[in-house]
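Student: I'm new to this one. Could you pick a single part and take me through it slowly?

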Amino acid sequence: MKSTIQVLGKVSPEAVSILTPEALAFVADLAREFEPTRRSLLQARKARQIEIDAGSLPDFHPGSAGIGAKEWRVAKAPKDLTNRRVEITGPSADPRMFINALNSGAQVYMTDFEDAHAPHWGRTLQGQINLRNAARRTLQVSTPEGRDYRLNAQTSTLVIRPRGWHLAERHLLVDGQPCSGSLFDFGMALFHNAHAQLDNGTGPYFYLPKLQSHLEARLWNQVFDFSEDALKLPRGTINSTVLIEHILAAFEMEEILYELRTHISGLNLGRWDYIYSFIKTFSGDKSMVFPDRSQVTMATHFLRSAAELLVQTCHKRGAYALGGMSTYIPRRDDRAANERALGQVRTDKEREASQGFDGAWVAHPGLVEPVHEVFQRAFTGPHQLHKIPEVKVNASDLLTVPTGEVTEGGLRNNISATLQYVDAWIQGSGAVAIFGLMEDTATAEIARAQLWQWLHANTKVADGRTLTASLYTELRTEELGKLLDTRPHDNPGSLDKAAELLDDLVLSPTFVEFLTVPGMRYLE
């Protein structure tokens, strides 16, 4: 078959400079080299899930004793990734949000093509345009109202999160097959910006999401080696941080660091996706039903254990340990409520700092200063790599199910949050303010996964009722009606599509792994 590269989506005049023949050829080379391995690893995920469904519980990797016994450390972090007290996150496609995040005062800005990104083709290309302009420090926006947004002289270090291995970019076909979303996002960003970033004293840095095993980390390392050779970059130029946001990856943290040791500087405990992965992985086990998600805090045993293990593993190997996301949106209309919420944020970050984390995530510029103050007080110097917790975490610690109730309020909150998020996601927003919090795809994934799990486990609600399909439908109809009442009758947004997708997910006889996959039918 003749080798071909086909772009199926519309391309704006500005995006032509992104989809150049040379850049497309580089991405195609990545696809041809690594697509077979990617598909094999996705099949391995399915096989592992079948084993778990049959009753096999995860444990620490039996073949890794040699790695644990060896004396090794990850490569020294780049200079502009040595202080990571506060990392702000946000969608890549909005140039104003991009500028505000880089100007926020956070040490790192992680711009997102994954959970905070609605992968419309045009918005994906706009994100790449924003990356290119930011790497060359030419990113600026002037609004019709006369406001100018420009980069400060000193900005946050830019780190890019590509899509996970499971997602495809259906608008680019390589030899007749959709390109991996991971390879497209990474390849375009690296091809266009690596040399400019190095010229400006920084480098090509990436956050790697949704890994489930050290073999998936090994694939990324192979991609990095291949790309450095192809673009004539010195070995180790590419640096990464891996998000531990899957329960299975928690059992292989040391192995993941080892596979990427020449290209990695840290691990991050992605708490919201981590919670979702637990529910998803054991969704068919009626003994592992979670309570309302509001009751699943970082103080619960399985999350505290994962946090302690991550810090110990990272610092033992010279890698940074990054804490979870604070999603609170500061408010000006209620000072007392705002201060109470900020107090909760401070308590959360004080706990992480005391556990040994070197920094943590925030979703809003208004949280940069208070979170920075917490970590500034906690330790001197740029990090606390010297702090290696003396903890012993067993498999049972990571698999302890949190206790609590399932309430009607929790049901309604999950329904409403999912409807609101998916509605906005279909319309192009991947980071959405819901109930005073900045939410991304992980929120909707937790919420709809709990609804499926509760329904299929015949869960008793706190008031004595059993969650049935009819009760779910009744509550969903009421929550949808409340949201529609707030919209103009001639402009309900995409709530009808959101309700359709939620019903499909919750009422499906089998658990659907990612809502974004069936949700793609609604996107451009």
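Tutor: Let's start on the open side of helix H11, where Arg335, Arg340 and Thr347 are exposed. Keep in mind that this is a predicted model. Now turn to the opposite side of H11, where the buried residues are Ala337, Asn338, Ala341, Leu342, Val345, Asp348, Lys349, Glu352, Ala353 and Gln355. Look down the axis of H11 and those buried residues fall within an arc of 160°, so they line one face of the helix. The spacing behind that kind of pattern is simple: an α-helix has 3.6 residues a turn, so residues three or four places apart point the same way.

What sits on top of that buried face? The cover over the buried residues of H11 includes three helices, H9 (271-281), H10 (301-316) and H12 (368-378), along with strands S12 (320-326) and S13 (359-362).

Next, check the length. H11 runs over residues 335-355, which makes 21 residues, and at 1.5 Å a residue they should span 30 Å; the end C-alpha atoms are 30 Å apart, so the two values agree.

Finally, have a look at how the helix begins and ends. At the N-terminal end, aspartate 334 acts as a cap on H11, with a side-chain oxygen 3.3 Å from the backbone nitrogen of alanine 336. At the other end, H11 is followed by glycine 356, which has a positive phi, near 115°.

So if you want one picture to keep: H11 has its buried residues lining one face, with Arg335, Arg340 and Thr347 exposed on the other side.

Key. Residues numbered from 1 in each chain as written. Predicted model: local features only at pLDDT ≥ 70, side-chain atom pairs only at ≥ 80, totals over all residues. Heavy atoms only, no water. Helix = DSSP H or I, 4+ residues; strand = E, 2+ residues; numbered from the N terminus. Expected span 1.5 Å × (residues − 1). Buried < 20%, exposed > 50% of the residue type's maximum accessible area, 1.4 Å probe, protein only. Arc of directions from axis to C-beta. Contact = heavy atoms within 4.5 Å. Polar contact = N/O pair within 3.5 Å; in protein donor to acceptor, adjacent residues only side chain to side chain.
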